[in-house]
Each structure stands twice: as C-alpha cells, then as structure tokens.
Amino acid sequence: MKEKQANELMGYAPRDIISTLNVLRTLKKNKITLGEFVPWAKAYKKERELMIERRELISQAGKVTISCPKCKMPLQLTTINIPKGKQNVRGWKSLIFCISCTYESYSRHSANKVLKKLLRKNKKSQQEVSNGNCV
Ligand SMILES: [Zn+2]
C-alpha cells in the first residue's frame, strides 16, 4: 500500500477499521460481491435511519392522541410494505385506521411523513386552544 493510501485510511477510527474487517470477512465467507453489498448497505442504512426517526416520532406521538373523525376513538398508523403492483395498485405506503369503526385513510406518503404532519397539525390545534382561538 502506498503512503498516501495508508494516510487516508488512518483517518478512520480503529473501531471502524475493525468493523470493516469483520464485514469483509462476512462478505468473503458468504461469497457476496461488492456489487451486491453496496446497494444492500445503502438500503439498510436508510431503513435503519427511518426506523430511528420513526421511533423518535412515535415517542413524541405518545404524548398526543389523534382522534378518529367519525367516532373520536384514537387512531392507529401502520406502514404498508407491499410495493406498488398487483397487490398495491395505487402504491399506498401507509394507512391510518380506527379500531372501533370503519374509518380508513390510505396515503402515498411514508408513515413517518404522515406522523410528522399529524404532529404538526396537533401542535397547531393545541396552540389555537391555548390562545383561546378554538371554539
Ligand atoms: Zn372511528
């Protein structure tokens, strides 16, 4: 290895180098090519970040209740993991539903995006209440 290459690698923390060695060992053992690994790793990273974001949103959402417009019971939000196709013609990504009545609201936005929107809406309506603007 050339000195310039070694210097660039020395910019990584030892624990990152160790993790990389472990990943490379796993790739070699399972005969996984870099061409297979890189897209998977990018998707995995994105999925993990979305999961962490969702967890934070859910913890915020735990403090508020979004009520069913029909029966006023708390609504549930779920992710639709079926890709757009025969089983999901319109490409829905999330669903808000009521467990006590038939209310359903499908969305092409991710559950995270829907949750963010609901939290913003809820925050705004709470501000209106505290400002005395709500009837
Ligand atoms: Zn309902």
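**View 1. The open sheet of this predicted model, built from three strands in the order β1-β2-β3.** The pairing within this sheet is antiparallel. Because β1 (75–79) and β3 (104–107) stand at the edges and each has a single partner strand, one side of each is left without a neighbour in the sheet. Taken on average and with direction ignored, neighbouring strands of the sheet are turned by 15° against each other.

**View 2. The pairing of β1 with strand β2, which covers residues 94–98.** Five bridges join β1 and β2, and the two strands pair in the antiparallel sense. One position to look for in this view is Gln76, which stands opposite Phe97 in β2.

**View 3. Helix α2, residues 14–29, and the residue Lys31 just after the helix.** At 1.5 Å a residue, the 16 residues of α2 should span 22 Å, and the end C-alpha atoms of the helix are 23 Å apart, which agrees with that expectation. The helix is hardly covered, since the count of buried residues among its 16 residues is zero. Just after α2, Lys31 takes a positive phi of about 55°.

**View 4. The protein chain as a whole, with four helices and three strands.** Followed from the N terminus on, the elements of the chain run α-α-α-β-β-β-α. Buried residues make up 4% of the 135 residues in the chain. Where contacts between residues at least 6 apart in sequence are considered, 42% of them join residues at least 24 apart.

Notes:
Residues are numbered from 1 along each chain as its sequence is written. This is a predicted model: local features need pLDDT of at least 70, side-chain atom pairs count only at pLDDT 80 or more; totals for chains, interfaces and linings use all residues. Two strands pair if DSSP finds at least two bridges between them. Axes are lines fitted to C-alpha atoms, for helices over the stretch in contact, and angles run from 0 to 180 degrees between N-to-C directions. The expected span of a helix is 1.5 Å times one less than its number of residues. A residue is buried if 20 or more other C-beta atoms lie within 10 Å of its own, exposed if 12 or fewer, and partly exposed in between; C-beta atoms are placed from the backbone. Two residues are in contact if their C-beta atoms, placed from the backbone, lie within 7 Å.
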